[in-house]
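Biologist: I am new to this structure and should like to understand the terms used to describe it. May I put some questions to you?

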Amino acid sequence: MRLPYVQDPPPTNTPDEARILASVKARRGENPLLPLDLALLHSFPIAEGWNSFFGAIRAQTSLSTVVRELAICRVAVVNGALFEWEQHAPLLQKGGMEDAKLEIIKDSQADFSYECFSSILSPEERVVLRYTDAMTRTIKVPDEVFAELKNFFNPQEVVEITTTIAAYNCVSRILVALDIGERNHGAASWFR
């Protein structure tokens, strides 16, 4: 990382900092704090807001694991955030995504509007990937992609997909800028 990680666990100087640290640890459950946590805890207020926002995205939406993790993994690929990919690709696999599909998702240049992917990816998966690519690459989503997304997902799900993509674009930008996990600068050669 381009900054030193905070000590694990970081020292707290106030009851408020102790409360924030406890909430971050509670969200991680039995798992240790991640390098991302150890970077964000340089600023307890940022870590608190992050923890609340990402707690909602990760555990309180109506999205299936596959839809959520598909969007997150594609953001990681497009932005070259290898640490993000390594954290979320196993969750996508655990949710039922086959290895052949993961290989396609890892292709940063893939254009999911082409019919060649229709025999491998479901229509829902393709539109989530197209929507993710549009939001991540150009921010503006073509009307036809948005209309197709609405054919498969209700308004709540559309908001949740959109927010997940936006949030994990934020994650990847922090991971890459600070080189959290010490693997993001080599990601361009790892993703196709």
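Biologist: Which residues line the largest cavity?

Modeller: In this predicted model, the lining consists of Val 24, Arg 27, Asp 37, Leu 40, Leu 41, Ala 47, Trp 50 and Asn 51. Helix 3 contributes the most, with three residues. By class, five lining residues are nonpolar, one is polar and two are charged.

Biologist: How many cavities of 30 Å³ or more does a search of the whole structure find?

Modeller: The search finds one, and the largest cavity has a volume of about 40 Å³.

Biologist: What makes Phe 54 and Tyr 168 an edge-to-face aromatic pair?

Modeller: Their ring centres lie 5.2 Å apart, with 85 degrees between the planes. Pairing requires centres within 6.5 Å, and planes over 60 degrees apart count as edge-to-face, so both conditions are met. The pair links distant parts of the chain, with Phe 54 in helix 3 and Tyr 168 in helix 9, 114 residues apart.

Biologist: Why is the pair of Tyr 131 and Phe 146 called tilted?

Modeller: The angle between their planes is 45 degrees. This is neither under 30 degrees, as for stacked rings, nor over 60, as for edge-to-face ones, and therefore the pair is tilted.

Biologist: How do you know whether Tyr 131 is buried or exposed?

Modeller: Its relative accessible area is 4%. Buried means under 20%, so Tyr 131 is buried. Phe 146, at 31%, falls between 20% and 50% and is therefore partly exposed.

Biologist: Which residues does Ile 161 contact, leaving aside its neighbours within four places in sequence?

Modeller: Ile 161 is in contact with Leu 63, Val 67, Tyr 131, Leu 149 and Phe 153.

Definitions and conventions: Residues are numbered from 1 along each chain as its sequence is written. This is a predicted model: local features need pLDDT of at least 70, side-chain atom pairs count only at pLDDT 80 or more; totals for chains, interfaces and linings use all residues. Side-chain values use heavy atoms; hydrogens and water are left out. Contact means heavy atoms within 4.5 Å. On a 1 Å grid over the protein atoms alone, a cavity is a set of points where a 1.4 Å probe fits but cannot get out, and a pocket is an open set with protein on both sides within 12 Å along at least five of seven lines; lining residues have an atom within 4 Å of a point. Grid points are joined across faces, edges and corners, and a volume is the space filled by probe spheres set on the points. Helices (H or I, at least four residues) and strands (E, at least two) are DSSP runs, numbered from the N terminus. Ala, Val, Leu, Ile, Met, Phe, Trp, Tyr, Cys and Pro count as nonpolar, Asp, Glu, Lys and Arg as charged, and the others, Gly among them, as polar. Rings of Phe, Tyr and Trp (its six-membered ring) pair if their centres lie within 6.5 Å; planes under 30 degrees apart count as stacked, over 60 as edge-to-face and the rest as tilted. Buried means under 20% relative accessible area, exposed over 50%, partly exposed in between (1.4 Å probe, protein chains only).
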